[in-house]
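Okay, thanks everyone for squeezing in. I'd like to walk you through one chain, so let me put it up on the screen.

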Amino acid sequence: MENISQFSAYELEQLAKLPSEIAALANKYRVDIVNAGEFWDQPPFPDNYIPELVEIYYGYTDSPDVFIRNGVLEDYRVRNLDDNTPSVAVQIDDQWAYIQIEGREILNRLGGVVLPDVIVKPSLLLNSVFKGQNHA
């Protein structure tokens, strides 16, 4: 791994848990790879686990692109169709459950998670569309 001095002691500790071919991706996908290291040793979610919170991130961003609480879609960010994000990360109840980078599954702890049937409020969808148009 190049430039290991750019990583904090905590980040290096997380990277050490990972197979070397995954840890090597930290130079390009630092946040996602460190997040994978934090939950690498955690077991998958149990069968029939119903999450309270589901957050989906496309690429590195401070806030989720999709946020679901108790089966209700609370926030959704409309992206430009030309955006082809190289990473997807899913957080279930404040735990990283799934990370995919460049089409490669890095972490999959989904196990027995039962994803909720999502209720979408029409006003939320309209607000998301208008918000997306303002950023285009």
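**Starting at a turn**

Asn70 is exposed, at a relative accessible area of 53%. For the cut-offs, exposed is over 50% relative accessible area, buried is under 20%, and partly exposed is in between, with a 1.4 Å probe and protein chains only. The areas themselves are Shrake-Rupley, again with a 1.4 Å probe, and for residues only the protein chains shown count as cover.

Before I go on, the small print. This is a predicted model, with local features needing pLDDT of at least 70 and side-chain atom pairs counting only at pLDDT 80 or more, while totals for chains, interfaces and linings use all residues. Residues are numbered from 1 along each chain as its sequence is written, and side-chain values use heavy atoms, with hydrogens and water left out.

So, where does Asn70 lie? You'll find Asn70 in the loop between strand E2 (66-69) and strand E3 (72-76). Helices and strands here are DSSP runs numbered from the N terminus: H or I with at least four residues for helices, E with at least two for strands. E2 and E3 make a hairpin with 2 residues between them, and Asn70 in that turn has a positive phi of about 50 degrees. The two strands run antiparallel and are joined by 4 bridges; strands pair if DSSP finds at least two bridges between them. Val66, for example, sits opposite Tyr76 in E3. And across the chain, Asn70 and Asp117 are 9.6 Å apart C-alpha to C-alpha, with their positions 47 residues apart in sequence.

**Zooming out**

The chain has 4 helices and 6 strands, and along the sequence the pattern reads α-α-α-β-β-β-β-β-β-α. What is the strand order in the sheet? It's E3-E2-E1-E4-E5-E6, an open sheet of 6 strands with antiparallel pairing. E3 and E6 are the edge strands, each pairing on one side only. On average, neighbouring strands in this sheet are turned by 10 degrees against each other, ignoring direction.

At the E6 edge, E5 and E6 pair antiparallel over 4 bridges, and Gln100 has Glu105 in E6 as its bridge partner. One textbook reminder while we're on strands: in a regular strand, side chains alternate between the two faces of the sheet.

Now look at H3. That helix lies across strand E4 (87-92), E5 and E6, and runs at about 135 degrees to E5. Axes are lines fitted to C-alpha atoms, for helices over the stretch in contact, and angles go from 0 to 180 degrees between N-to-C directions.

**What's inside**

Of the 136 residues, 40% count as buried. The accessible surface of the chain is about 8,300 Å², and 51% of that belongs to carbon and sulfur atoms.

The largest nonpolar core has 19 residues, and the ones with the most contacts inside it are Leu15, Leu18, Ile33, Ile99 and Ile106. The elements giving two or more residues to this core are helix H2 (20-23), helix H3 (30-39), E5 and strand E6 (104-108). H3 gives the largest share, 4 residues. There's also a second, separate core of 12 residues, including Ile56, Ile92, Ala97 and Val113. A core here is a set of buried Ala, Val, Leu, Ile, Met, Phe, Trp, Tyr and Cys residues joined through side-chain atoms within 4.5 Å.

One polar residue to point out: Gln14, in helix H1 (residues 9-16). Is Gln14 buried or exposed? Gln14 counts as buried, because its relative accessibility is 2%. Leaving out residues up to four places away in sequence, Gln14 touches Val34, Gly37 and Glu38, where a contact means heavy atoms within 4.5 Å.

**Last bit: the rings**

Rings of Phe, Tyr and Trp (its six-membered ring) pair if their centres lie within 6.5 Å; planes under 30 degrees apart are stacked, over 60 edge-to-face, and the rest tilted. That rule gives 2 aromatic pairs. Phe45 and Tyr49 have ring centres 4.9 Å apart and planes at 45 degrees, so that pair is tilted. Phe45 is buried at 6% relative accessibility, whereas Tyr49 is partly exposed at 23%.

The other pair, Tyr57 and Trp96, is tilted too, at 5.5 Å centre to centre and 55 degrees between planes. Tyr57 is in strand E1 (residues 53-58) and Trp96 in strand E5 (residues 95-101), so this pair ties together parts 39 residues apart in sequence. Tyr57 is buried at 10%, and Trp96 counts as buried at 11%.
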